[in-house]
Amino acid sequence: MALRGFAARMARAKAGFVSARPLYLLGGLNEDENPRAVPPGDLVRAINTARNGSLTGTRPGVTYGDADWNEAHSSGAAVQGIHQYSWGAGANRKIVAVINGNVYDEVGGTLIDKTATSIEAGASYQWTFADFQDKMFAAGGDTASDGVWYWDGTNPLGEINFSFTTSPKYIFEKWNFLFVSGLTGSSYDDNPMVWRYCDYGSDATDVANWPSTNVIPGQLLNENFGVGSYGGEYSTGMGEFSGKDADFMLLLTNKRIFVMGQNDPGLITGSETAFASVSTIPVGCVSQNAFVNLGADAGDAVFLSQDGVHSLARSRQYGDNESAYLSWKIRSTWQTLNRSRLDEAWGAYWPSEGMVIFSVATGSSATNNLLLVMDIKGLQNITPDAVRWYKWELNGITPNCLRLCRGSDNRPYVYVGGTAGEVCRFDRDTYQDLSSSGTIAMDFITKHDDFELPSKDKKIGDCFVVLRGSGGGTVQHTIMEDDGRKAGYTSALDVPASAATWGAGNGTWGVSQWGGESAIARHRVPATGSSVTVGHRFTRTAANAPVFIGLIDQQIDGGGSTQDANANTGS
């Protein structure tokens, strides 16, 4: 280990070396245009990277999991939606997926009879779901030809025969009411800016229980309570938000979010209803599927607009202030997204890992080809400075949709629906995507530290790296020079084999057992030339062979003149 305390200071003073601050906890991706503005510990590149405790390294892999869904569907066509249907007061659960215009439940796909319904195939025909009165309801798909359908777990699918111009695109349950929106008509109870609902206690499968008076805005709530007339603004679904002392329903549009509260049932008289408008947030949401409630413990929700990623709590406080966007650190990546496909983006929260995952499309891609991952684990306040961002690229699967479901072990997982019939999930028990060929290409670069004067050329001393990993092989460690413009010395650091023990490895400092499935390796990389700035790049492409970096301690000789020193000749 490097010397510490007074002895270390004396030794370094004699040798002319100063040491970088050890990076015990690396941050997330920061794409600030000014490299000097990147905080210590942040990464300037973070591909297939994630935090694991206080370490940073390989992201979790994707697996078919267990008996919930153990194989890809044979159709090879897109998964259009995933939902965990729960009934019997939560005693019964099934994972259900819409694939290639059909509906299946569990174990790779038991076909559910849909003869009474119409469900079109196509990756863009996405679905939203809600559990209500012990039935699963679904809206979306091709709204010009598909209806709102439901299932009770045993019988064939049924359909609600609405008389709307087109079928609703979104469905949501709240306070024992069932809501729909995303209509396209031109009447006051059927247009892009209304939300319809079925009363508490009424049979939602009977269209008679969806009267034209059950509409928001509408006559009972004062028709002009704040929602604009249909036209340039339109409903993009519904969401919810639960804080420590309040519970709200959210009406989403492409331009605003309307916060709705629930009236005290005991105080409702005359023409009053169960709902009341509380406030308006001047930030839109692209889609109900891109709105992620983090739960009462977090007291917040996050969502996508056309301009970035937002916290609901911060949007209520700051409005549409760009510097308050949670995506502020990754604004360069955000500019590369395909805006025409943002309404087909999906989001999901993995609570056990503290990660919010968004599936988006970049460039001119016609599919969601990138996952934006926001790490919020352990945060008291979700702010742009505090969140950690990573970019994930799956190997062998294109993530058309995402959904949080519980596995048969009763633990929460983020499930991924692919464009080729895959219904799989992220899991810390694997570090490969679906199969042994599903390698994960981890690649991250630390901030380019300048130490002392930013224009002074420094001699690069020894570097000490502590890593944890398993699977053997090596991780490539490259010294990055001059704000990343040059790649310096590259060394192959040995990764411990599975079940490695002290002294069994080839690392300079040996290997010690830690935790059973992976071990610690300590490496010394010798002095390697000079540079104005110094950063560190770690890459590893392997299947089921994770590596995590825990310490980088870089020695730098700060002596010497600056590269651009000039005599001051006066005026």
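Here is a walk through this protein, from the whole chain down to one of its sheets.

Keep in mind from the start that this is a predicted model. Its pLDDT averages 84, and 84% of the residues score at least 70. Two stretches deserve some caution, though. Residues 224–228 have a pLDDT below 50, and the model gives this stretch 15 contacts beyond near neighbours in sequence. Residues 502–510 also stay under 50, with 24 contacts beyond four places in sequence. Where pLDDT is low, the predicted coordinates shouldn't be read in detail.

Now for the overall build. How many helices and strands does the protein have? There are three helices and 40 strands. Out of 571 residues, 55% count as buried. The accessible surface adds up to about 22,600 Å², and carbon and sulfur atoms make up 47% of that. As for who touches whom, take the contacts with a separation of 6 or more: 61% of them link residues 24 or more positions apart.

Let's zoom in on one sheet. It's an open one made of four strands, running in the order β18-β19-β20-β21 with antiparallel pairing. Strands β18 (235–242) and β21 (275–281) sit at the edges with a single partner strand each, so one side of each has no neighbour in the sheet. Going from one strand to the next, the twist averages 25°.

Inside that order, look at β19 (residues 247–253) and β20 (residues 257–262), which pair in the antiparallel sense over four bridges. To find your place in the pairing, look for L251, which stands opposite F258 in β20.

Conventions: Residues are numbered from 1 along each chain as its sequence is written. This is a predicted model: local features need pLDDT of at least 70, side-chain atom pairs count only at pLDDT 80 or more; totals for chains, interfaces and linings use all residues. Side-chain values use heavy atoms; hydrogens and water are left out. pLDDT is the predictor's confidence in each residue, from 0 to 100. Contact means heavy atoms within 4.5 Å. Helices (H or I, at least four residues) and strands (E, at least two) are DSSP runs, numbered from the N terminus. Buried means under 20% relative accessible area, exposed over 50%, partly exposed in between (1.4 Å probe, protein chains only). Accessible areas come from the Shrake-Rupley method with a 1.4 Å probe; for residues, only the protein chains shown count as cover. Two strands pair if DSSP finds at least two bridges between them. Axes are lines fitted to C-alpha atoms, for helices over the stretch in contact, and angles run from 0 to 180 degrees between N-to-C directions.
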